[in-house]
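Reader: I would like a close look at one part of this model, the largest pocket. Please start with the fold around it.

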Amino acid sequence: MHITIVNLTTKKYNMKTLINILLLSLALSATAQQPQDKGRHERVESFRIAYITEHLKLTPEEAQRFWPVYNAYRADMKTLRQNFKADDKDGTPLTADQQLEFEQKKLDLKKRFKPQFEQAIGKEKLNLLMQVEEDFKRELMKAMQERRGR
C-alpha cells in the first residue's frame, strides 16, 4: 500500500474533519508498507501543520514567516529532550533537580523564540499558539488511545 501525504496547509478544515483525517491516518499506518515509525511521524507532522495553521488562522504570509521559526524551535526542543533522555541510560527516572533543570531549559527555549514568533505572527496569535499546541497533543493522545482500544 502506498500512502501519499497531502499538503493540508493550503485548505481550511474544521476540527471534526482534522480528527477524522488523523484517525484514518493512524489506522492506515498500521498497514502501510513503508517503515512504520517514519511514515507515522510524517503523517503526524502533516496533521500538526494543518491543525496549527487552521487554529491560528494563519494567512499565507504569516505561514511563510511562521513555519521556519516553528521548525527551528521544534528542532531545538527535540535536541533538548534527547539530551535529557541520554542522561537516563540505565533506565532510572530523572531526579527532581534534573526534572526542574529540564523544565527550566524548555522555558528558556520558549523565551528565546518568543520575539521571533511575535515578529512572524504577532502577540495575539503567539498567545493562542501555546494553547493550540496543547490541544493538538491532547487530540493526538486521544486518537492513539482510541486506536489501541480497538
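In what order do the elements of the protein run from the N terminus on? And what lines the largest pocket?

Author: The model is predicted. From the N terminus on, the elements run α-α-α-α. That comes to four helices and zero strands. Of the 150 residues, 32% are buried. Take the contacts between residues at least 6 apart in sequence: 74% of them join residues at least 24 apart.

Now the pocket. The largest one holds about 890 Å³ of space. Its lining has 28 residues, and Glu45, Arg48, Arg74, Arg81 and Lys137 are the closest to its centre. By class, the lining divides into 13 nonpolar, three polar and 12 charged residues. Helix H2 (36-56), helix H3 (60-86) and H4 each supply at least two residues of that lining.

Next, confidence. The protein averages a pLDDT of 81, and 72% of the residues score at least 70. Helix H4 (residues 96-149) has the highest mean pLDDT among the elements, at 94. Helix H1 (residues 15-29) has the lowest, at 47. Over residues 1-11 the pLDDT is below 50, and this stretch has 15 contacts in the model beyond near neighbours in sequence. Residues 22-34 also stay under 50, with 31 contacts beyond four places in sequence. Where pLDDT is low, the predicted coordinates should not be read in detail.

Last, the surface. The accessible surface of the protein comes to about 10100 Å². Carbon and sulfur atoms account for 54% of that area.

Technical notes. Residues are numbered from 1 along each chain as its sequence is written. This is a predicted model: local features need pLDDT of at least 70, side-chain atom pairs count only at pLDDT 80 or more; totals for chains, interfaces and linings use all residues. Side-chain values use heavy atoms; hydrogens and water are left out. pLDDT is the predictor's confidence in each residue, from 0 to 100. Contact means heavy atoms within 4.5 Å. Buried means under 20% relative accessible area, exposed over 50%, partly exposed in between (1.4 Å probe, protein chains only). Accessible areas come from the Shrake-Rupley method with a 1.4 Å probe; for residues, only the protein chains shown count as cover. On a 1 Å grid over the protein atoms alone, a cavity is a set of points where a 1.4 Å probe fits but cannot get out, and a pocket is an open set with protein on both sides within 12 Å along at least five of seven lines; lining residues have an atom within 4 Å of a point. Grid points are joined across faces, edges and corners, and a volume is the space filled by probe spheres set on the points. Ala, Val, Leu, Ile, Met, Phe, Trp, Tyr, Cys and Pro count as nonpolar, Asp, Glu, Lys and Arg as charged, and the others, Gly among them, as polar.
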